[in-house]
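Please take a moment to look over the sequence and the structure shown below, and keep both in view while you read. The paragraphs after them lead you from the whole chain to a few of its parts.

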Amino acid sequence: MATQKTCWHLHRSGTMGVQSSMVHNALMLNPNLLLRYSDPAYTHPTHADLRSLLESQGWGRKDVCNLVGVAYNAKNYQSPTVDKWLSGDPDAPSRISYAHWRLLLIEAGLV
């Protein structure tokens, strides 16, 4: 039996919408990603979750670096830290720390 992942679409305003498999201009996130770290239901974001958040907000690597305070190399438009967070299997957990993830959610107005 297939397991279905429940996702809610979150508009940029941070309001939750109706459950849907096809949502235009909205962010699809598992609601457990928005919980506090101490909540047993908290789920660590995958690479795909992080990419979805950045794309929904229109944030590039430089934006993310400025928001969370990590190094950005303007010469080659890269950030080793953000590159590590985004690289790998899309369904595997990202290496982003909870503190950085939470700050991005706050900046996006989702928590």
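What follows begins with the chain as a whole and then turns to its helices and to one residue in a loop.

The model shown here is a predicted one. Its secondary structure comes to 4 helices and 2 strands, and if you read along the sequence you will meet them in the pattern β-β-α-α-α-α. The chain has 111 residues, of which 34% are buried. Among the contacts in the chain with a separation of 6 or more, 55% are made by residues that lie 24 or more positions apart.

Helix 1 is a good place to start, and it covers residues 47–57. Its buried residues are His-47, Asp-49, Leu-50, Leu-53, Leu-54, Ser-56 and Gln-57. What covers these buried residues includes strand 2 (27–29), helix 2 (61–68), helix 3 (80–86) and helix 4 (98–107). Helix 1 is followed by Gly-58, a residue whose phi is positive, near 75 degrees.

The next step is to see how helices lie against one another. Two packed helices are described by the angle between their axes and by the distance between those axes. For helix 1 and helix 4, the angle is about 30 degrees and the axes are 11 Å apart. Angles under 35 degrees count as roughly parallel, and helix 1 and helix 4 are therefore roughly parallel to each other. Helix 1 passes helix 4 in a left-handed crossing. On the side of helix 1, the residues that take part are Asp-49, Leu-50, Leu-53 and Leu-54, and they meet Trp-101, Leu-104 and Leu-105 in helix 4. Sorted by class, this contact of helix 1 with helix 4 has 6 nonpolar residues, no polar residues and 1 charged residue.

Helix 4 can now be looked at in its own right. Its buried residues are Tyr-98, Trp-101, Arg-102, Leu-104 and Leu-105. Seen down the axis of helix 4, these buried residues fall within an arc of 160 degrees, so they line one face of the helix. It helps to recall that an α-helix has 3.6 residues a turn, so residues three or four places apart point the same way. The cover over the buried residues of helix 4 includes strand 2, helix 1 and helix 2. Just after helix 4 comes Gly-109, which takes a positive phi of about 75 degrees.

How do helix 2 and helix 4 pack, and at what angle? Their angle is about 105 degrees, and their axes are 10 Å apart. That makes helix 2 roughly perpendicular to helix 4. The contact is made by Val-64, Leu-67 and Val-68 of helix 2 together with His-100, Leu-103, Leu-104 and Glu-107 of helix 4. By class, the contact of helix 2 with helix 4 has 5 nonpolar residues, 1 polar residue and 1 charged residue.

Finally, turn to Ser-94, which has its place in the loop between helix 3 and helix 4. Is Ser-94 buried or exposed? A residue counts as buried when its relative accessible area is under 20%, and Ser-94, with a relative accessible area of 4%, is therefore buried. If its neighbours within four places in sequence are left aside, Ser-94 is in contact with His-44, Pro-45, Thr-46, His-47, Leu-50 and Trp-85. Ser-94 and Leu-50 are 44 residues apart in sequence, while their C-alpha atoms are 7.6 Å apart in space. Leu-50 is also one of the buried residues of helix 1, and it is among the residues of helix 1 that meet helix 4.

Methods. Residues numbered from 1 in each chain as written. Predicted model: local features only at pLDDT ≥ 70, side-chain atom pairs only at ≥ 80, totals over all residues. Heavy atoms only, no water. Buried < 20%, exposed > 50% of the residue type's maximum accessible area, 1.4 Å probe, protein only. Contact = heavy atoms within 4.5 Å. Axes fitted to C-alpha atoms, helices over the stretch in contact; angles between N-to-C directions. Parallel < 35°, antiparallel > 145°, perpendicular 65-115°, else oblique. Left-handed = near helix turned anticlockwise from the far one by under 90°. Nonpolar A, V, L, I, M, F, W, Y, C, P; charged D, E, K, R; others polar. Arc of directions from axis to C-beta.
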